[in-house]
Amino acid sequence: MTTSAQQGAGSSAGQLANHKAAMELMGAWEPGVVASLTPNGKSLPDLGWFPFPAVTGGAGDPSAMMGGSDGFACRKNAPAACVDFLNFAASKTNQEGYAKAFQTLPANQQSQDVVTDPALKDVLASYNKASYVMLWLDTMYGQNVGNALNGGVVNMLAGKGSPADIVSAVKTAAAKG
Amino acid sequence: MSETVNALPQRSSGSLSLRGGAAKASPRGDRARAQWRKRAEIAILSGPAIIMFLAFVIFPVFMAAYYGFFRWKGFGPPTNFIGFQNYVTIFTDQNFLDALRHNGFILVMSLVMQGPAAVAFALLLNQNIKGRSLIRVLIFVPYVISEVIVGTGWSLMLQYQGALNDLLTNMGLGWMATDWIADPNIAIWTLMVIISWKYIGFAVILMLAGMQGIPDELYEAAAIDGASYWKIQRWITLPLLGPTIRVWAFLSIIGSLQLFDLVYIIWGQYVASTAGTSTMATYMVREGRLAGNYGYGNAVAVVIFVISLVIALTYQRFVLRRDTAGALTEKATKEDR
C-alpha cells in the first residue's frame with residue numbers, strides 16, 4: 001500500500017522489472033518505465049500484456065478499454081500559434097520520436113509503425129480493436145470525487161471497506177465541494 | 001525554558017517602577033514629552049509585530065471562518081453560501097472522526113511514551129558518566145534532522161522489502177518481519193516509535209535544563225540526612241522538575257494536535273487514512289487542497305483551530321497556572337491576569 005509506483009527497485013514497477021512480482025495493473029507507459037528499472041537498464045524481454053479479464057456476470061464489454069484519452073486544448077483567446085504547436089507536437093515524425101524515446105504508444109495513428117515492443121504491440125492491437133475507450137474513471141470524476149473513489153478502492157483492497165463503502169465515500173466527497 | 005518565562009514580566013515590572021521614579025523628579029513639560037515619547041516608543045517597537053500578527057494570524061483565521069461557510073472551489077469570489085453545511089459534513093465524515101481519534105491517540109501516547117523515557121534519560125545524563133556529552137548529542141541529533149529526511153529514511157527502512165525486515169530475517173527472526181507502515185493494525189504504533197525517536201531529544205534537553213536549575217543545596221541536605229539516590233530523585237528532582245514537565249507536555253500536546261509532516265511524507269497523500277495514521281491536518285490537505293474543495297478545507301481548518309485553542313487554553317488555565325503563580329513574583333502574577 002505504501003509501495004511507490006515507479007520509483008526504485010522496491011516500487012511495484014521495479015519489482016516487476018526485477019522479477020519479484022508477476023503482474024500489475026498499469027497503463028501503456030509501463031514498458032518504458034519497467035525498462036528504466038531493470039538491472040541493466042534495458043527493456044524487459046519477457047514483459048507481456050493481457051486485457052483485464054471479464055468479470056463473470058459483469059455487464060461490461062471485455063474489449064472496452066480505459067485510458068488517457070484526454071488531450072491538450074487551446075484557450076478561447078489563444079493565438080493561432082497554440083494550434084500550430086499542438087499540431088506540431090502531434091505530427092507523425094514527432095510522435096514517432098516520442099514513442100521511441102519513452103517506449104510507449106504514439107498519439108498519432110500514422111506513427112503506430114514505430115511500435116516494436118511485443119507487449120506494446122499487444123496493447124496497440126487491442127486498443128485498435130476496442131469497442132470503446134473511456135477516460136480513466138478517477139480523472140473523469142475530477143480531483144474531489146475521483147480521489148474519494150481511489151481512496152475507497154485502496155480501503156477495500158486493504159480489507160477495510162466494502163464496495164458499498166466506496167459509494168458512500170464518493171457521496172460524502174460530493175457533499176464537500 | 002521556565003527561566004525565560006520568568007524573566008519577561010519581572011523586567012517589565014522593573015522598568016515600570018523606574019519610570020515612576022523619573023516622572024516625579026522632572027517638571028511638567030518634560031513629563032508630557034516623556035509620556036509622548038513612551039507612547040511613540042511602544043508604538044514603534046510593537047507596531048511591526050502587531051501588524052504582522054494581525055495580517056498573518058488574525059486575518060487568516062477570520063478569512064478561513066468566512067470561506068468555511070461556502071461551497072467554494074477556489075476560483076473567483078465564493079458565492080454559494082451554505083451556512084453550517086460544511087461543519088455538518090465534517091462531523092459526520094468517518095474519515096475526519098478517525099483522524100481526530102488518531103490525533104487523540106498520538107497526543108496521549110506521546111506523553112505516556114516520551115515523558116517517563118525523557119526523565120529517565122535526563123537522570124542518566126545528569127550523572128557523571130563517561131561519554132556523557134557524546135550521548136547528549138546523539139540523543140538530540142534526531143530532533144535536529146529535518147522531518148523530510150527522517151520521514152524518507154524511516155519509510156525506506158520500514159518498507160516490506162526494507163532494511164528492518166532484511167535485518168530481522170538475517171538474524172533468524174523472519175517471523176517478526178511485517179509490513180510496518182502499511183499494516184493498519186501496527187502503522188500507528190510505527191508512527192509513535194518514529195515520533196518518540198524524533199522528539200525525545202528535545203524533551204531530554206528540556207528536562208536536563210530543568211534539573212540544572214535545581215539548587216545543589218537540596219541534594220546535599222538530603223544526602224546528609226541519609227536519603228538514598230532514588231528517594232532524592234523521587235522527593236526532590238521530580239517535584240522541582242514539575243514546571244519543566246508541564247511546559248514540555250504543553251509543547252508535546254500542541255505538536256500532536258498539529259502533526260502533519262511525518263505522516264504526509266511516510267504515508268503520502270492518499271493512504272494515511274487507510275493505514276490508520278491520518279491526522280486532522282493531513283485530512284485538511286487531502287479534502288481541502290488535493291480535492292480542490294477550498295471552502296470545505298477552510299471549514300476543517302477552523303475546526304482544527306478551535307479544537308487546538310480549547311485544549312491549549314484549558315491546559316493553560318488548569319495546569320500551567322500553578323507554575324505561573326508559584327514561579328513568578330506575586331506582583332508579576334497579578335499583572336499577568
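Of the contacts in chain B of this predicted model between residues at least 6 apart in sequence, 68% join residues at least 24 apart. Chain B contains 15 helices and two strands. Of its 337 residues, 28% are buried.

Helix α6 of chain B comprises twelve residues, 147–158. At 1.5 Å a residue the expected span of α6(B) is 16 Å, and the end C-alpha atoms lie 16 Å apart, so the two values agree. The buried residues of this helix are Val150(B), Trp154(B), Ser155(B) and Leu158(B). These residues lie on the same side of α6(B), because the arc they cover around the axis is only 115°. An α-helix has 3.6 residues a turn, so residues three or four places apart point the same way. The face of α6(B) turned away from the buried side carries Val148(B) and Ile149(B), both exposed. The buried residues of α6(B) are covered by elements of chain B that include α5 (132–144), α7 (163–170), α8 (187–212) and α11 (261–267).

Between the chains, 24 residues of chain B contact 18 residues of chain A. Three helices of chain B, α12 (272–275), α13 (280–290) and α14 (294–327), each supply at least two residues of the side that touches chain A. The most is given by α12(B), with three residues. By class, this side of chain B consists of ten nonpolar, ten polar and four charged residues.

Key:
Residues numbered from 1 in each chain as written. Chains lettered and ligands numbered in written order. Predicted model: local features only at pLDDT ≥ 70, side-chain atom pairs only at ≥ 80, totals over all residues. Contact = placed C-beta atoms within 7 Å. Helix = DSSP H or I, 4+ residues; strand = E, 2+ residues; numbered from the N terminus. Nonpolar A, V, L, I, M, F, W, Y, C, P; charged D, E, K, R; others polar. Buried ≥ 20, exposed ≤ 12 C-beta atoms within 10 Å, placed from the backbone. Expected span 1.5 Å × (residues − 1). Arc of directions from axis to C-beta.
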